[in-house]
Amino acid sequence: MKTVAVINGPNLDRLGRREPEIYGSFSLDDLKSRLKSEATGLGVSLQFYQSNHEGALVDLFGQLADGGIDGVILNGAAYTHTSVALRDAVSASGLRVIEVHISNIYGREAFRKHSYTAPVCEGVITGLGLNGYSCALQHLAQ
Ligand code: DQA
């Protein structure tokens, strides 16, 4: 059985309450329930993480790299646009990582158009809401 980890970065614990006009009305728990159910259907074991702390996300990549996981779905949130440390952690992990954003980062402020992590990810899905996570999960399950 494949194992996939979903990693959500800062402020995504506030989904549903945070700028719903941009990020929608669903909560992080709603996302987790949906992905768990889809993973079961795909025969995938799903791990789900969220942290507001850059170093904790870096630590997590190191742990997952040593833990024999098959793929990661990463929404690094604001750290996408700021963190060389997160990029290095993704790159050093050697893991298959799909970058996902709920909103379309290319349709928003200029500072969101650059991603430090995208070049070291297998692919990027942006602007498809929760469906982006589902697409990434299907891809990693194949
Ligand atoms: C986000 C987009 C980022 O620019 C932002 O900082 C987030 C969420 C998204 O999922 O659309 O926190 O990653």
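Student: Is cysteine 135 buried, partly exposed or exposed?
Tutor: Let's start with the scale: buried means under 20% relative accessible area, exposed means over 50%, and partly exposed is in between, using a 1.4 Å probe and the protein chains only. The relative accessibility of cysteine 135 is 36%. Because that value falls between the two cut-offs, cysteine 135 counts as partly exposed.

Student: What kind of model are we looking at?
Tutor: Residues are numbered from 1 along each chain as its sequence is written, and side-chain values use heavy atoms, with hydrogens and water left out. Local features need pLDDT of at least 70, side-chain atom pairs count only at pLDDT 80 or more, and totals for chains, interfaces and linings use all residues, since this model is predicted.

Student: How many disulfides does a search of the whole structure find?
Tutor: A disulfide is a covalent bond between the sulfur atoms of two cysteines. The search asks for a pair of cysteine sulfur atoms within 2.5 Å. Across the whole structure, the number of disulfides found is 0.

Student: How far is the sulfur of cysteine 121 from the nearest cysteine sulfur?
Tutor: Cysteine 121 is in no disulfide. This residue is buried, because its relative accessibility is 11%. Its nearest cysteine sulfur belongs to cysteine 135, which is in no disulfide either, and the distance is 16 Å.

Student: Which histidine has a polar side-chain atom 2.8 Å from an oxygen atom of the ligand?
Tutor: A polar contact is a pair of N or O atoms within 3.5 Å; within protein, one must be able to donate a hydrogen and the other to accept it, and residues adjacent in sequence count only if both atoms are side-chain atoms. Asparagine 75 places a polar side-chain atom 2.8 Å from a ligand oxygen, and a polar backbone atom of alanine 78 is 3.2 Å from a ligand oxygen. The histidine with such a side-chain contact is histidine 101.

Student: How much of the ligand's accessible area does the protein cover?
Tutor: Accessible areas here come from the Shrake-Rupley method with a 1.4 Å probe, and for residues only the protein chains shown count as cover. On its own, the ligand has 320 Å² of accessible area. The part covered by the protein is 99%.

Student: How many charged residues are in the shell around the ligand?
Tutor: A residue belongs to this shell if one of its heavy atoms lies within 4 Å of the ligand. Among the residues there are Arg18, Tyr23, His81 and Arg112. Asp, Glu, Lys and Arg count as charged, Ala, Val, Leu, Ile, Met, Phe, Trp, Tyr, Cys and Pro as nonpolar, and the others, Gly among them, as polar. By class there are 5 nonpolar and 4 polar residues, and the charged ones number 2.

Student: Which residue forms a salt bridge with arginine 34?
Tutor: Side chains of opposite charge can pair when their charged atoms come close. A salt bridge here is a side-chain nitrogen of Lys or Arg within 4 Å of a carboxyl oxygen of Asp or Glu, and the count comes to 5. Arginine 34 and its partner both lie in helix H2 (residues 28-42), 4 residues apart, about one turn of the helix. With the closest N and O atoms 3.2 Å apart, the partner is glutamate 38.

Student: How far apart are the closest N and O atoms of arginine 112 and glutamate 109?
Tutor: Arg108, Glu109 and Arg112 are linked in a network of salt bridges. In the pair of glutamate 109 and arginine 108, the closest N and O atoms are 3.8 Å apart. Arginine 112 is buried, because its relative accessibility is 15%. For arginine 112 and glutamate 109 the separation is 2.6 Å.

Student: What is the phi of alanine 77?
Tutor: Most residues other than glycine have a negative phi, and most peptide bonds are trans. Alanine 77 has a positive phi although it is not a glycine. This alanine is in the loop between strand E3 (71-75) and helix H4 (84-93), where helices (H or I, at least four residues) and strands (E, at least two) are DSSP runs numbered from the N terminus. The phi of alanine 77 is about 50 degrees.

Student: What distance separates the C-alpha atoms of aspartate 70 and leucine 140?
Tutor: Aspartate 70 sits in the loop between helix H3 (54-66) and E3. Along the chain, aspartate 70 and leucine 140 are 70 residues apart. Their C-alpha atoms are separated by 7.7 Å.
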